[in-house]
Amino acid sequence: MPTTLQTDLSEPRTPLEHEIAELGPWFHNIHLPDGTQTAPGHPLGDFPTYKWRVISPNLPEDMTGWTALDIGCNAGFYSLQLAARGADVTGIDINDHYLNQARWAAEQFALGSRIQFLHKQVYELAFTEDSYDLILFMGVFYHLRHPLLALDIVSEKFEKLLVFQTLTMPGEQVFVFEDDLTIDDRLLLLHPAWPKMAFIEKSLAGDPTNWWAPNHAAVLAMLRSCGLRPLKNPGHEIYFCRRDEQCKTDVNREELSIAAKSVAQLNSPSMKTK
Ligand SMILES: C[S@@+](CC[C@H](N)C(=O)[O-])C[C@H]1O[C@@H](n2cnc3c(N)ncnc32)[C@H](O)[C@@H]1O
């Protein structure tokens, strides 16, 4: 991940701040138990605390007995919040730099027994039987070369709730077109409310892995086509969903399985040996 949205702790003074500086740069500004912050100068402000303030009132205060998966957990901000509410949490990420931060942060809160952080590709979830009450799939979709493949996989791995967040492009209008689109009707695709996803070939915000920016209509349409029912949209770019098999587009299982295996093998050292 490029460093445009990350922060190094400048001029560390205390032993704790020195540890933070050594683990940097940080994308998550975590408020540690003594009040020290991991990324107080974050370019996005107090990130992701301001996002959590939108999400958290929509989750149970007591999550004892819940299992949760945090995909692309980064330094574990959300994993820590869920574990603090009593959930058993698995955080996965493909970047060991962030996984080290996350494991260190969990130790600071003495939450290590309730959280595990694993080096794992989202596509690798296709090869496990594990299912979770809650999945957070936030800030990852648009970084993926194969976003719908990932969403198809993730949509089958939770029981109660999926919290989905993606970078989007401007535009809140929603065009729902129920019929077949004829070959001569394609001008309709240019309508601002038609579901669309822009492809970014070079980079956005200094990050060449920001490949996609869907509009709001496209987020809703893609969620539905993966068998998900968007329940609410409590904040900008944040979607709460439950499963709804009736929405699901007829997915070609063979394509899904072969594609998932190929992508996971390409990207993950752990899959290469299997
Ligand atoms: C923009 S950050 C989002 C972090 C956090 N989920 C949040 O919303 O604040 C994207 C994270 O996803 C991770 N990531 C990117 N591609 C991934 C993949 N294929 N599988 C799992 N994690 C991935 C990155 O390493 C990074 O930590």
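How many residues surround the ligand, and which are the closest? The legends below start there.

**View 1. The shell around the ligand in this predicted model.** The ligand is surrounded by 17 residues. The closest are Gly72, Asn74, Asn95, Met138 and Gly139. Sorted by character, the shell holds 10 nonpolar residues, six polar ones and one charged one.

**View 2. Helix α4 from end to end, residues 96–108.** Try a quick check with this helix: its 13 residues, at 1.5 Å a residue, should span 18 Å. The C-alpha atoms at its ends are 18 Å apart, so the expected span and the model agree. After α4 comes Ala110, which has a positive phi, near 55°.

**View 3. The buried and exposed residues of α4.** Look for Tyr98, Leu99, Gln101, Ala102, Ala105 and Ala106, which are buried. Because these residues cover an arc of only 160° around the axis, they lie on the same side of α4. Asp96 and Glu107, on the other side of the helix, are exposed.

**View 4. The neighbours of α4.** What do the buried residues of α4 pack against? Their partners are two helices, α1 (15–23) and α3 (77–84), and two strands, β2 (88–93) and β3 (115–119).

**View 5. Stepping back to the chain.** The chain has eight helices and nine strands. Its radius of gyration is 19 Å, close to the 19 Å that the globule rule gives for 274 residues, so the chain is as compact as a globular protein of that length. Of those 274 residues, 37% count as buried.

Definitions and conventions
Residues numbered from 1 in each chain as written. Predicted model: local features only at pLDDT ≥ 70, side-chain atom pairs only at ≥ 80, totals over all residues. Near = placed C-beta within 6 Å. Nonpolar A, V, L, I, M, F, W, Y, C, P; charged D, E, K, R; others polar. Helix = DSSP H or I, 4+ residues; strand = E, 2+ residues; numbered from the N terminus. Expected span 1.5 Å × (residues − 1). Buried ≥ 20, exposed ≤ 12 C-beta atoms within 10 Å, placed from the backbone. Arc of directions from axis to C-beta. Contact = placed C-beta atoms within 7 Å. Rg over C-alpha atoms; globule rule 2.2 N^0.38 Å.
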